[in-house]
Amino acid sequence: MAKGEGAESGSAAGLLPTSILQAGERPAQEPKKKKQLSICNKLCYAVGGAPYQVTGCALGFFLQIYLLDVAQVNPFPASIILFVGRAWDAFTDPLVGFCISKSSWTRLGRLMPWIIFSTPLAIITYFLIWFVPDFPQGQELWYLLFYCLFETLVTCFHVPYSALTMFISTEQSERDSATAYRMTVEVLGTVLGTAIQGQIVGQANAPCLQYLNGSAVASESANRTYSTTSLRETQNAYLLAAGVIASIYVICAVILTLGVREQREPYETQQAEPMSFFRGLRQVMSHGPYIKLIAGFLFTSLAFMLVEGNFALFCTYTLGFRNEFQNLLLAIMLSATFTIPIWQWFLTRFGKKTAVYVGISSAVPFLILVALMESNLIVTYVVAIAAGISVAAAFLLPWSMLPDVIDDFHLKQPHSHGTEPIFFSFYVFFTKFASGVSLGISTLSLDFAGYKTRGCSQPASVKFTLKMLVTMAPIVLILLGLLLFKLYPIDEEKRRQNKKALQALRDEASSSGYSDTDSTELASIL
């Protein structure tokens, strides 16, 4: 740890000027009652996280196998679609964050208009992703265009929604509680996405092809069932699932809009002039705790994204569970849903850094077991349920720790307001760009290994590649991420000190005696 970081571990509250720390003791100042969020407010806020997870889960788990086996796009163009789509999605996050930072407050707030106006266009483009056009030439451009359009529009929904965490309450405990509600609903969203997409599509599996001497021949079983389960019926099943998910998207957006109201920080309303985006970006990217946090979660998120992107193909071809992979996904997500409250209790009791080490590392032994075991359906279900525990931790912890980093930033930069979208958008930018690289490389690896489109089975090289992508590569990434978390400086003691100091700043900002001199003195001391 650097010498400067050690110096920061002292009580920030103890360094504050007397005029700030004792603001509540002034005779003319009445002590303010802390405003708590109702359960209804928290639920309405949490429901807003479902659209991103429902659509993201469906795309993450099923888009690769849809492009390869249903739309019959060759592996190389499919890898380009997946990489460019995710890379573009990553690029739009800071772009949208920039636009939001330039937005002015309206009657609906600064973030809500983005959520409201992006929703109708997003559901249209999402539906068209799962539509197979009649023209064979140019299909790749069709999927690339609508994939990029949808990712842009869902970013216009998700970035302001993520930043909304800082505006639903000024109380850290209330934000943490609302985040736990949000994570529970988001995991439920992944369950819905998995159940809807998996169960509807699973009822209409397209007939596979046997490859003899390099040429495809329809199997006898495929010929017998082709009249009832044709490729066209499989495509229609994907469209039906897309329609159901689009409806859920709209319902959740309406609930969020009607049930949540943005709150401005008391000291933010006194800010005379908003900070420029690029100045805010420089300050955010020079904030040490933020860089260390996103570096750690970059590797751990990438590990889980590799598993997510290749799990359907891994279950279908390596484990041989062609008709069970959607049920295995459902088992993982249900397990994660039920363990989110347990992780919320754990991080409250033992601290967030400890929860990171215990929660994310718990996936490693199960990934090792999957790599070493033979194909066994019962054991696979047991491993899937156990792996869901680690997935829950991976869902909850990043969004629970980012507000702590932002609070630490606000103490060191009291005059820097409107930077919350930058914090959230660039975190999502790095994780999405990395996931785009991982999906592109993994699909390209399958092409090099000799992947056969709609094959009833795959060569041994493809099975081995899928096993490495789902087990060994994620293990290495998780271990690297946990090593980086050792550098993260905000432990529970530091977090409590920041909470006291920030509350003192808020109380003083709310009083009539707040002055620029006090704020400047606070900034220089911290």
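How much area does the protein chain expose, and what share of it do carbon and sulfur atoms supply? The chain exposes about 21,600 Å², and 65% of that comes from carbon and sulfur atoms. The legends below describe close-up views of this predicted model.

**Figure 1. The whole chain is built from 21 helices and two strands.** The protein chain has 526 residues, and 57% of them count as buried. Contacts were taken at a sequence separation of 6 or more; 85% of them join residues 24 or more positions apart. A search of the whole structure finds six salt bridges.

**Figure 2. Trp130 sits in the largest nonpolar core.** This core holds 143 residues. Tyr66, Trp130 and Leu164 touch the most other members. Helix H13 (residues 288-318) gives the largest share of this core, 15 residues. Beyond its neighbours up to four places away in sequence, Trp130 touches residues that include Ala58, Leu59, Phe62, Leu63 and Tyr66. Its contacts also include Gln197, Gln235, Tyr238, Leu239 and Ala242.

**Figure 3. Ala242 is a buried residue of helix H11.** Helix H11 spans residues 231-259 and contains Ala242. The relative accessible area of Ala242 is 0%, so this residue is buried. Which residues does Ala242 contact, leaving aside neighbours within four places in sequence? They are Tyr126, Phe127 and Trp130. Phe131 is 111 residues from Ala242 in sequence. In space, the C-alpha atoms of Ala242 and Phe131 are 9.2 Å apart.

**Figure 4. Helix H5 bends at Phe62.** The helix covers residues 50-70, and the bend is about 50°. H5 is mostly covered, with 20 of its 21 residues buried. Phe62 is also among the residues that Trp130 touches. Gln72 follows just after H5, in the loop between H5 and H6. Gln72 is not a glycine, yet its phi is positive, about 60°. Most residues other than glycine have a negative phi. Gln72 has 38% relative accessibility and therefore counts as partly exposed.

**Figure 5. Five residues form a nonpolar patch on the surface: Phe76, Ile80, Phe83, Val84 and Phe433.** Together they have about 400 Å² of accessible area. Helix H6 (residues 75-101) supplies the largest share of the patch, four residues. Phe433 belongs to helix H18 (residues 420-449). Is Phe433 buried or partly exposed? Its relative accessible area is 38%, so Phe433 is partly exposed.

**Figure 6. Lys412 and Asp408 form a salt bridge within helix H17.** Their closest N and O atoms are 3.2 Å apart. The helix spans residues 377-412, and the two partners lie four residues apart, about one turn. An α-helix has 3.6 residues a turn, so residues three or four places apart point the same way. Lys412 is partly exposed, with a relative accessible area of 24%. Asp408 counts as buried, at 1% relative accessibility.

**Figure 7. Glu492 and Arg495 pair in helix H20.** What distance separates the closest N and O atoms of this salt bridge? They are 2.8 Å apart. H20 spans residues 492-510, and Glu492 and Arg495 are three residues apart in this helix, so about one helical turn separates them. Arg495 is buried because its relative accessible area is 13%, and buried means under 20%. Glu492 and Arg495 also belong to a network of salt bridges that links them with Lys352 and Asp404.

**Figure 8. Arg496 and Glu493 form a salt bridge in helix H20.** The closest N and O atoms are 3.0 Å apart. Arg496 and Glu493 lie three residues apart, about one turn of the helix. Side chains of opposite charge can pair when their charged atoms come close. Arg496 is partly exposed, with a relative accessible area of 46%. Glu493 counts as partly exposed too, at 41% relative accessibility.

Technical notes. Residues are numbered from 1 along each chain as its sequence is written. This is a predicted model: local features need pLDDT of at least 70, side-chain atom pairs count only at pLDDT 80 or more; totals for chains, interfaces and linings use all residues. Side-chain values use heavy atoms; hydrogens and water are left out. Patches are made of residues with over 30% relative accessible area and no salt bridge: like charges are joined within 9 Å, nonpolar side chains (Val, Leu, Ile, Met, Phe, Trp, Tyr) within 5 Å. Accessible areas come from the Shrake-Rupley method with a 1.4 Å probe; for residues, only the protein chains shown count as cover. A salt bridge is a side-chain nitrogen of Lys or Arg within 4 Å of a carboxyl oxygen of Asp or Glu. Buried means under 20% relative accessible area, exposed over 50%, partly exposed in between (1.4 Å probe, protein chains only). Contact means heavy atoms within 4.5 Å. A nonpolar core is a set of buried Ala, Val, Leu, Ile, Met, Phe, Trp, Tyr and Cys residues joined through side-chain atoms within 4.5 Å. The bend at a residue is the angle between axes fitted to the seven residues ending there and the seven starting there.
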